[in-house]
Amino acid sequence: MIKSFFDKIRPHVEEGGKYHAFRSLFDGFETFALVPNTTSKVGTAIHDAIDSKRIMSFVVIALIPALLVGMYNIGYQNYHAAGVDASFFTMFLYGLIVMLPKIIVSYGVGLGIEFVVAQWKNEEIQEGFLVSGLIIPMIVPVGTPLWMLAVAVAFSVIFAKEIFGGTGMNIFNPALITRAFLFFAWPTKMSGDQVWVSTESWFGLGNTLPDAFTCATPLGQAAAGIDTNLSAMEMFGGLMPGSIGETSVIAIAIGAAILLWTRIASWRTMLSVFVGGALFALLFDSVGAADNAVAHLGLNHLFLGGFAFGAVFMATDPVTSCRTEKGKFIYGFIIGAMAIIIRVLNPGYPEGMMLAILFMNMFAPLIDYFFVQSNINKRAKRMSNK
């Protein structure tokens, strides 16, 4: 039935059709709904059972556990701050209502721009933003205004993606560029103590909190010299202030298992991020200044802030990370180490994962170049010795 629906519309959007101007839009929806049967016509091509649409779909599935916990945490933080008891369903529904507009804005603005660019260039619409559009609302504070989110998404899609040629050609992770743009353009809306808890009531759900209400993240508390006193359940379960999708280590671990099982993400990159972070966290814990609480978080660094989320979903981005197998170890290790260094040595910015990944996005091609060149030289030497 679905295929028949698209078959009826296709003649009207093909070359010479009445609605040819919407060819890319039609192609995008048809590709989303059905399995394309087109194949490469020129050059050497190896056909596999998985394509970019399936890859992106698996990543979205892997993101769902963190998204669902994030929605519940939105409601939990609001009701907890107001001192009001509520059922699990009530808190989750409130979080859903708060989160849904952010997802709609992210996809609406990002996909809208991609549709326009694809039609202008007479190209197919790529599936890359299917993942970025969901990650972006998950890595921002719940208090981020929708209009700011829309501006940041537009900036990211245009200047971090389309200007480089679109999906597969971008140097930097578009979702992280969105967050970086928000952080440097409106720092008070991306950090501090007033952006991590939803303070408004919607459709009779939630509680309106005072304008002066504050609630710091665990890393923010540590940067201010305050003992976080978090239980293992709070750190692993995710019931603490933070960016919407980054608080639950358990949910992120489920997503990591899905990505590794389907071989979408590289275990080399993922593991080396945690190894680099763990080694430098323990190093600072042993030699850090006594008055620097962030330095003495130890292995808790790996479970706080965006460290786990960044290691699983953004450091492993196949477009902006290293492609060589050995290069992935170096790439991930430096990301983990740099994230801890930024957290400890920069008290004004207690996070660090965003800047660490963006910094290594620049050097991923260089790392790959050295390993590829090394392999070429070794083969050339073997050939010369024969």
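1. Val59 is found in helix H3, where helices are DSSP runs of H or I with at least four residues, numbered from the N terminus. The model is a predicted one, in which local features need pLDDT of at least 70 and side-chain atom pairs count only at pLDDT 80 or more, while totals for chains, interfaces and linings use all residues. Residues are numbered from 1 along each chain as its sequence is written, and side-chain values use heavy atoms, with hydrogens and water left out.

2. At 11% relative accessibility, Val59 counts as buried (under 20% relative accessible area, against over 50% for exposed and in between for partly exposed, with a 1.4 Å probe and protein chains only). Its C-alpha atom is separated by 6.8 Å from that of Leu259, although the two residues are 200 apart along the chain. Leaving aside residues up to four places away in sequence, Val59 touches Val131, Leu259 and Ile264, contact meaning heavy atoms within 4.5 Å.

3. The largest nonpolar core (a set of buried Ala, Val, Leu, Ile, Met, Phe, Trp, Tyr and Cys residues joined through side-chain atoms within 4.5 Å) has 90 residues, of which Leu63, Phe309 and Ile335 touch the most other members. Helix H3, residues 52–82, supplies the largest share of this core, with eleven residues. Leu63 touches Val131, Leu134, Ile135, Met138, Phe309 and Phe313, again not counting residues up to four places away in sequence.

4. Helix H4 (residues 88–121) and helix H5 (residues 129–138) pack at an angle of about 145°, with their axes 9 Å apart; axes are lines fitted to C-alpha atoms, for helices over the stretch in contact, and angles run from 0 to 180 degrees between N-to-C directions. H4 passes H5 in a right-handed crossing, a crossing being right-handed if the near helix is turned clockwise from the far one by less than a right angle, and left-handed if anticlockwise. Among the residues making the contact are Met99, Ile103 and Tyr107 of H4 and Phe129, Leu134 and Met138 of H5. By class, this contact of H4 with H5 has ten nonpolar, four polar and two charged residues, with Ala, Val, Leu, Ile, Met, Phe, Trp, Tyr, Cys and Pro counted as nonpolar, Asp, Glu, Lys and Arg as charged, and the others, Gly among them, as polar.

5. Helix H11 (residues 267–287) and helix H13 (residues 325–345) pack at an angle of about 35°, with their axes 7 Å apart, and the crossing of these two helices is right-handed. Their contact comprises 16 nonpolar, six polar and three charged residues.

6. Thr178, in helix H7 (residues 174–185), counts as buried at 1% relative accessibility. Beyond residues up to four places away in sequence, Thr178 touches Ile136, Ala152, Val153 and Ser156.

7. Two loop residues deserve a look for their backbone angles. Phe203, in the loop between H7 and helix H8 (218–223), has a positive phi of about 50° although it is not a glycine, and is exposed with a relative accessible area of 73%. Arg263 lies in the loop between H10 and H11; its phi is near 60°, a positive value in a residue other than glycine, and at 77% relative accessibility Arg263 counts as exposed.

8. On confidence, the mean pLDDT of the protein chain is 88, and 95% of its residues reach 70 or more, pLDDT being the predictor's confidence in each residue, from 0 to 100. Among the elements of the chain, helix H2 (residues 23–33) has the lowest mean pLDDT, 76, and helix H10 (residues 249–261) the highest, 96. Where pLDDT is low, the predicted coordinates should not be read in detail.
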